[in-house]
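Q: Please give a close look at a single part of this model, starting from one residue and working outwards to the element beside it, the chain that holds it and the neighbouring chains. A careful, connected account would be best.

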Number of protein chains: 8
Amino acid sequence: MANEHLTNLLNQVASHEITTEQAFKQLNQAGFIDLDYAKVDTDRQRRTGYSEVIYGEGKTTAQIIGIIQVMLTTNTNILVTRVSPKKAQKISRVYPKMVYLKKSRIMLWQQNIPEQTNNTIAIVTAGTSDLKIAEEAAVTAEAFGNRVSRIYDVGVAGIHRLFAELDAIRSATVVVVVAGMEGALASVIGGLVDKPVIAVPTSVGYGASFNGLSALLTMLNSCASGITVVNIDNGFGAGYSASQINHLVESEQ
Amino acid sequence: MANEHLTNLLNQVASHEITTEQAFKQLNQAGFIDLDYAKVDTDRQRRTGYSEVIYGEGKTTAQIIGIIQVMLTTNTNILVTRVSPKKAQKISRVYPKMVYLKKSRIMLWQQNIPEQTNNTIAIVTAGTSDLKIAEEAAVTAEAFGNRVSRIYDVGVAGIHRLFAELDAIRSATVVVVVAGMEGALASVIGGLVDKPVIAVPTSVGYGASFNGLSALLTMLNSCASGITVVNIDNGFGAGYSASQINHLVESEQ
Amino acid sequence: MANEHLTNLLNQVASHEITTEQAFKQLNQAGFIDLDYAKVDTDRQRRTGYSEVIYGEGKTTAQIIGIIQVMLTTNTNILVTRVSPKKAQKISRVYPKMVYLKKSRIMLWQQNIPEQTNNTIAIVTAGTSDLKIAEEAAVTAEAFGNRVSRIYDVGVAGIHRLFAELDAIRSATVVVVVAGMEGALASVIGGLVDKPVIAVPTSVGYGASFNGLSALLTMLNSCASGITVVNIDNGFGAGYSASQINHLVESEQ
Amino acid sequence: MANEHLTNLLNQVASHEITTEQAFKQLNQAGFIDLDYAKVDTDRQRRTGYSEVIYGEGKTTAQIIGIIQVMLTTNTNILVTRVSPKKAQKISRVYPKMVYLKKSRIMLWQQNIPEQTNNTIAIVTAGTSDLKIAEEAAVTAEAFGNRVSRIYDVGVAGIHRLFAELDAIRSATVVVVVAGMEGALASVIGGLVDKPVIAVPTSVGYGASFNGLSALLTMLNSCASGITVVNIDNGFGAGYSASQINHLVESEQ
Amino acid sequence: MANEHLTNLLNQVASHEITTEQAFKQLNQAGFIDLDYAKVDTDRQRRTGYSEVIYGEGKTTAQIIGIIQVMLTTNTNILVTRVSPKKAQKISRVYPKMVYLKKSRIMLWQQNIPEQTNNTIAIVTAGTSDLKIAEEAAVTAEAFGNRVSRIYDVGVAGIHRLFAELDAIRSATVVVVVAGMEGALASVIGGLVDKPVIAVPTSVGYGASFNGLSALLTMLNSCASGITVVNIDNGFGAGYSASQINHLVESEQ
Amino acid sequence: MANEHLTNLLNQVASHEITTEQAFKQLNQAGFIDLDYAKVDTDRQRRTGYSEVIYGEGKTTAQIIGIIQVMLTTNTNILVTRVSPKKAQKISRVYPKMVYLKKSRIMLWQQNIPEQTNNTIAIVTAGTSDLKIAEEAAVTAEAFGNRVSRIYDVGVAGIHRLFAELDAIRSATVVVVVAGMEGALASVIGGLVDKPVIAVPTSVGYGASFNGLSALLTMLNSCASGITVVNIDNGFGAGYSASQINHLVESEQ
Amino acid sequence: MANEHLTNLLNQVASHEITTEQAFKQLNQAGFIDLDYAKVDTDRQRRTGYSEVIYGEGKTTAQIIGIIQVMLTTNTNILVTRVSPKKAQKISRVYPKMVYLKKSRIMLWQQNIPEQTNNTIAIVTAGTSDLKIAEEAAVTAEAFGNRVSRIYDVGVAGIHRLFAELDAIRSATVVVVVAGMEGALASVIGGLVDKPVIAVPTSVGYGASFNGLSALLTMLNSCASGITVVNIDNGFGAGYSASQINHLVESEQ
Amino acid sequence: MANEHLTNLLNQVASHEITTEQAFKQLNQAGFIDLDYAKVDTDRQRRTGYSEVIYGEGKTTAQIIGIIQVMLTTNTNILVTRVSPKKAQKISRVYPKMVYLKKSRIMLWQQNIPEQTNNTIAIVTAGTSDLKIAEEAAVTAEAFGNRVSRIYDVGVAGIHRLFAELDAIRSATVVVVVAGMEGALASVIGGLVDKPVIAVPTSVGYGASFNGLSALLTMLNSCASGITVVNIDNGFGAGYSASQINHLVESEQ
């Protein structure tokens, strides 16, 4: 579908010639809305339980704005990850309701605030430098309505810090462990809790950390059971998977 | 602790000089029982919800037999992974109750049959060659009491085979996707279901598959959300994590 | 050959002392024209069916301009790939007829517009971020006279978008699939069409995508048959090979 | 579907209780026939123009025999790749019509001999050690009805050998170049012909050839245009893709 | 120097024509004794404090025997590492005093028993499968006169096993940590002791452990300070370095 | 613990409402002091003999200042590594007593000057470009009270420079060898001294040095015994481990 | 050319129907002789100064024998590298004059003994385990008429052994350095001699030597000038290049 | 030696208190002159035939100037490689006689113009983008007195350009081949000439060229004999080794 058609349609909505519902129906004939550069997946919520999330990196500001414009017609919440401060500024000029959470580099517009879970997701980091990725996980989980408990800087170099927080970690439904350098924290926690652990290797480190490869391999080879792994620096993915599990448990209560 | 001490103790149990409970208490003073070559973790069930599993590779038959001997005193189920047919034969001569499941290379002795879950774990493979690893996942999950649904050879080269099984996959609580070569199946399933997907890359393939590296990278970089990954050929790990999630959901019902 | 000699000759052409044909003959004694820093291959069209294409990266603006100057004497179309906006601006000041296509980073001067094929090449991308490379393929194919059909953002995370476009894809003679991250789209399309598929891995992604290595390996290990692969981000190469096949088929009609 | 059901059905066919057509219809309800360990894709010929090919590596002899048994009901030609001499012997005891082509490690049963093309596919190797992979490509192409021209051992260390064969290479519709070690032959041929070149890196070499990685990278980075690449040692894939292109051209004549 | 000359000389020693001291002086003119295939470093003890150790891998049995023959003239202790049981059997037929320690694959002949240190070296392993490498370290350290404390199978999957042994570990002068898979144990111990930790990655594991690469990277990137690393499976090197430090401390008491 | 609480407490200290000791006790209930983004390990000196060191890279200036603020309450020396000149300037505006040592990129505040050892640590570099990392090692060692001897630019391309400094190197208790490119210096020194050698690969070099990987592998595979290795560019780690050994020896005198 | 034709021709030679010269002319029309599986390069001596060498690995015994048969018609010396003892036995049954040099795995038939050079090539190894590759270099050089000086086991762990042999090394025209593990010897020698050094990394080592990668990288990154490198374990290539240089110098005398 | 002492000495020379010869003798007691950050190797010319060359990368401008200052006392020619334009400008302000050759990034001060050889070194490049590295090789060789023949842009994509220059290449004593991307040119030339070929892989390319790794592997695995390889982008090393060989040949004439 040409952008032109979309623009016309949205103009008609603006001038109340047609309703939002009518516009949406026209656009969404195959479960997606077609821009030149993107096919926005309007069927995802039905299929996977969550609406589409915009991965901001590698997209121009204009493209992100265009996709938001389309998603607004679907009445879903809008979550954009990996937004640089510069892009965020431009986007919020167009959509002042898009909130920028700097630490996590996420932009968010909750058209419908989700109900919060009773169960908790614990987000644990090994060091202070892992905070940015941990926040991406935490904000993602919160955007999907999860209660989140942040436990930062409890790496194994001072393991008593971890033990002091063990009760908090154990009381969560799912544990997300965020660690760079050697990533040993995931194994240690995996041996101490009876809940699923999702490990996020980060690119924190230097030299033979090879931009997160070291932590990734550590986590994949963990001798502790019950650990699964996501991509290096993929805080979003960990938050998303943790949310899936947490909601699954919550829904059964 | 010397093996000698252990042997004495077990002999005393055999001759009814002391009870099993007394022996166990004596042995298990720090939450583990010490052999020369292994410290059997008798506290794991309390800590992580599951008793220790014996990783068979890299251990001699004598060592495996020794560890089984100790675990028998703890009245837990015994599960040994990665057992070659040759080792299995020797072990079952000593412990005829240890059952060998050839396709999964697992040995199993269920002292207490666990109650079966109502929820299902789906184990899906891309090809016929991934079967060995899929069985490791399936048998592991079954050993921990999970209902398992096996859906094999639905790789993306003939994607209609996958769609024919989609209802079965969607009705599971957790989906384990086992695939080698390019591992694309995980992404496709991740885009079609609203449940946690655990992806297992296998070493099936040749050339630039680099013994599973290709499938591993594919799965880590999946554009679909909700996918977490375990080590190459780690069927056990996937089965274990899936079981954790499935039980968590089950327990809330 | 010294640049000086070339300059003299071109000056003589400018002042009508000698004709273009005479100049070209003098220059082109061995099937190429020699600059200090480049030997322009004037024989390529005869040998491979296509005139030389200038790879713009790693060449200075002065070098590109010099090579264009020589190629103009051969009356062929001029195509320069990987031109930054900055370089493009400088070049078009010297040759205003060189058109810069920003999305594809290609500069083009069609001295003779090629006849357009009846058959179509389909260029398919997994995501919006793959657009730059897809455009390089598309513009290259168009420059060589091919009809091109662009089908963007139909990645496997929302596979219904792909199925909605399947007829368009199936009606093409050759399909170029452009995908980064895990690159699974190539395998899925390979299993659905009966035409040659040329896969282009892109460097889109982060972490364990290792700048396109993940997508490259995925595509090389595809379980679907009929897929061949070009270098990471090599849109030009895919467009060129697709054009070769398309013309081969067209010429037989 | 259980194997049991399949066996019953095939027995009924054998006893003429039901016809082959009836059996096939019963089995093939979703475009594939389900064995426990494999879902044979009976719809592939319609979808991709070729019937399914059995990849022999990683499958047990029993599994291969089972799949052949099913495919026989579909009246298609049967092609099994990567069959070891030992497996081949066992299979041909069950199906004496399965011919084993040792050099290419392929087993073949042509139920319907395909018509041969007028156009030719040239299979070119750099050295004698690349012969095994070249034969896999050649036999695959021949099985699909292509005329094949074998030009072996014309590597760049003695480039006059290549020039002596250049006419034969240039007269082909598609050129498959098979080379290990440094794989330079693909680039040299790419610069000399005006037809699509499919490059097959082989694992021939030692040391820093890293089992074909060196040749693979060479071919992906070729400075000549018109070259696409398949996986290391993937003679089948190259033969298949070449056949696709050759038939496409042939069909237009 | 020809082997012949050496043989003559040794024969002369055997027949008491010349003394051992005279033979040694003749041989050892440049601080080494020359065989055709080896130059035995007779000066090493003076230079580095330890006599040469024979690395058994990659040497033929005949070569090892030849080097032992020469070293016997120097009156030093003889230590051969990486000796397969088969080679060991052949060597001990020639030199019955060479003791073979199977678990560590070391052959040893202590011509002069070294005095034992008061200080202790702790050798700690993560798992049972790391035992072989740990024994190489332990036997090496003992051969150089160090008191050794073996603490095996205290990996982080059951970290209470480590805490139960912490006093023993802390009382050592140097700690050698031997671990495969993800190698997290080194970091945990590094954060708990105030002594130098030498980490030995082992090739124990599978899949993405890449034969010890994972553990190696973990150890190099440790967030705990005071950890240095040796090559994968280099138990000897760790035992040797630990011995150097232990003796340095001992000598100052 | 919230930052707010910490600020209140520190304000109370400033206004003499409570003493430093009282504040510290309140803060340090579990062996660490909790900031939002960091848990400062106040128990490390007791456990490992050294107080915590702040790794400056990947932390914001504000975070570093916050951690310093907390550590000041513990009366320990403060050492921050990897501080850029820009960050250093900002930090020294807040804490003028923090001294910035530009060559080593270390900031230092010695609240209590440690007693200097009699024994020496030798820091040896292969080239001039390794100086930055060597200084990180040297300054770290000096901060912990060690006498340090700097011997720079004695790489194997001119090995007589090394021999001229051999006495100085041999008289040290521990030798730190810092080398990039091929890193051969570590092996040469390892064969010439009888003291522990700690090798630091640096990222100096280009092309196939792969940012220090070449030197790292060289050092791990050294044929000389007694060499242990730290991460690429980890001058701090080498200085720290050398200090541990040096103090251990010193304390026994 | 079909093998059949070749066989006829050779039979005619055997029966004196035609002369060897006539047969050769008929065969060698394009500078090579065509077998089905190989095109023997009969023009190489004219072009590169050396006749073709047969690389034995990856060729069947029958193929090697066939190539020898052809080369015998060209009256050149025959050199086959990488011949296993088993293959050698079979070949020498057919051609008893083919001598097998076991240490170097080379088969040789000097139809014309080349004149020996006055200048010397020095072949130097770091250890005893590098001997096999060193002998491949040495025998190759000798086969081409070079005087060779073997200096084995002078690795940097005992550098005085190297200095004792320095005069012999310095008197050579070219120096070949063969080393595995960390490969530091090449740099040390490169800094001590004023002649070209050709470095051969060997796959000797374990763990992080990654089958010779470590030594390869070391040699490529050498800080000493005048060092060039060949493939891992490529003793033949080093011997060949050294011979080229040595003959070039010799010819000018 | 402190810089202060050096400064004093040089001041004394400037004021004619002592002669240059006296200063040099004082400084050069061990075959090198000691600065704090560098030990200038004044003995290298005697040892290796060439004076020390300054590798400019990774050294500060001040360090380079300091080393030049010292080398001036030795009356040798001064060659600095890898100098950025910015550094060059600063250096030439201090030493106006240092000439900057921009294309090669080399600074040069020929205090004594070397005699030029009669023999020629051919420097051949595959493409225009390889020019920078080729010039580094060419200028290095010229600085050492070699006659150099530049043959640029004759890559295998248009191999007739190479054949047109073959006589020029064949008449050289040594051939340096500089190529990026797939680096196939080295093998082609190696098969056509009877002189030593030194191959220089360049980092030219993108995607799977992995910054020169592809070309490096190609060259190491060349099927042509007589090729040795230097580090990626190491134009200097190739020029230096070529010069060594060329002078060796020249000196024998």
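A: **A loop residue and its surroundings**

N211(A) counts as exposed because its relative accessible area is 60%, and the cut-off for that class is over 50%. The model is a predicted one, and what follows should be read with that in mind. N211(A) sits in the loop of chain A that runs between β10, residues 197-201, and α10. Its backbone deserves attention too, since phi of N211(A) is near 55°, a positive value in a residue that is not glycine. For residues other than glycine, a negative phi is what most of them have.

The helix on one side of this loop gives a contrast in burial. Helix α10 of chain A covers residues 213-220 and is mostly covered, with 7 of its 8 residues buried. Those buried positions are S214(A), A215(A), L216(A), L217(A), T218(A), M219(A) and L220(A). Thus N211(A), in the loop between β10 and α10, is exposed, whereas α10(A) itself is mostly covered.

A second loop residue, in chain C, makes a useful comparison. D153(C) belongs to the loop between β8 (147-151) and α7 (159-164) of chain C, and its phi is near 65°, again a positive value in a residue other than glycine. Its accessibility, however, is 8%, so D153(C) counts as buried, while N211(A) is exposed. A positive phi is therefore found here both in an exposed residue and in a buried one.

Stepping back to the whole of chain A, its secondary structure consists of 11 helices and 11 strands. Its C-alpha atoms occupy a box of roughly 65 × 45 × 30 Å along the principal axes. The radius of gyration of chain A is 20 Å, which agrees with the value near 18 Å that a compact globule of 253 residues would have. Buried residues account for 68% of the 253 residues in chain A; N211(A), being exposed, is not one of them. Of the contacts in chain A between residues at least 6 apart in sequence, 66% join residues at least 24 apart. The exposed area of chain A is about 8,700 Å², with 49% supplied by carbon and sulfur atoms. As for charge, the mean positions of its 21 positive and 22 negative charges lie 5 Å apart.

Chain A also meets a neighbour, with 32 residues from chain B and 32 residues from chain A taking part in the contact. The area buried between these two chains is about 2,800 Å², and carbon and sulfur atoms give 59% of it. On the chain B side, L220(B), L248(B) and E252(B) lose the most area to chain A, together 20% of what that side buries. Chain A has no contact with chain D, however, and their closest C-alpha atoms are 20 Å apart.

One further residue of chain B completes the view. K132(B) is located in helix α6 of chain B, residues 131-143, and its relative accessibility of 43% means that K132(B) counts as partly exposed. Leaving aside residues up to four places away in sequence, K132(B) touches K103(B), S104(B) and R105(B). K132(B) and L216(B) are 84 residues apart in sequence, and their C-alpha atoms are 17 Å apart in space.

How values were computed. Residues are numbered from 1 along each chain as its sequence is written. Chains are lettered from A and ligands numbered from 1 in the order in which they are written. This is a predicted model: local features need pLDDT of at least 70, side-chain atom pairs count only at pLDDT 80 or more; totals for chains, interfaces and linings use all residues. Side-chain values use heavy atoms; hydrogens and water are left out. Helices (H or I, at least four residues) and strands (E, at least two) are DSSP runs, numbered from the N terminus. The radius of gyration is taken over C-alpha atoms; the globule rule is 2.2 Å times the number of residues to the power 0.38. Buried means under 20% relative accessible area, exposed over 50%, partly exposed in between (1.4 Å probe, protein chains only). Contact means heavy atoms within 4.5 Å. Accessible areas come from the Shrake-Rupley method with a 1.4 Å probe; for residues, only the protein chains shown count as cover. Lys and Arg count as positive and Asp and Glu as negative; His and the chain ends are not counted. The place of a charge is taken as NZ of Lys, CZ of Arg, CG of Asp or CD of Glu. Buried area is the accessible area (1.4 Å probe) that two parts lose on being put together, summed over both.
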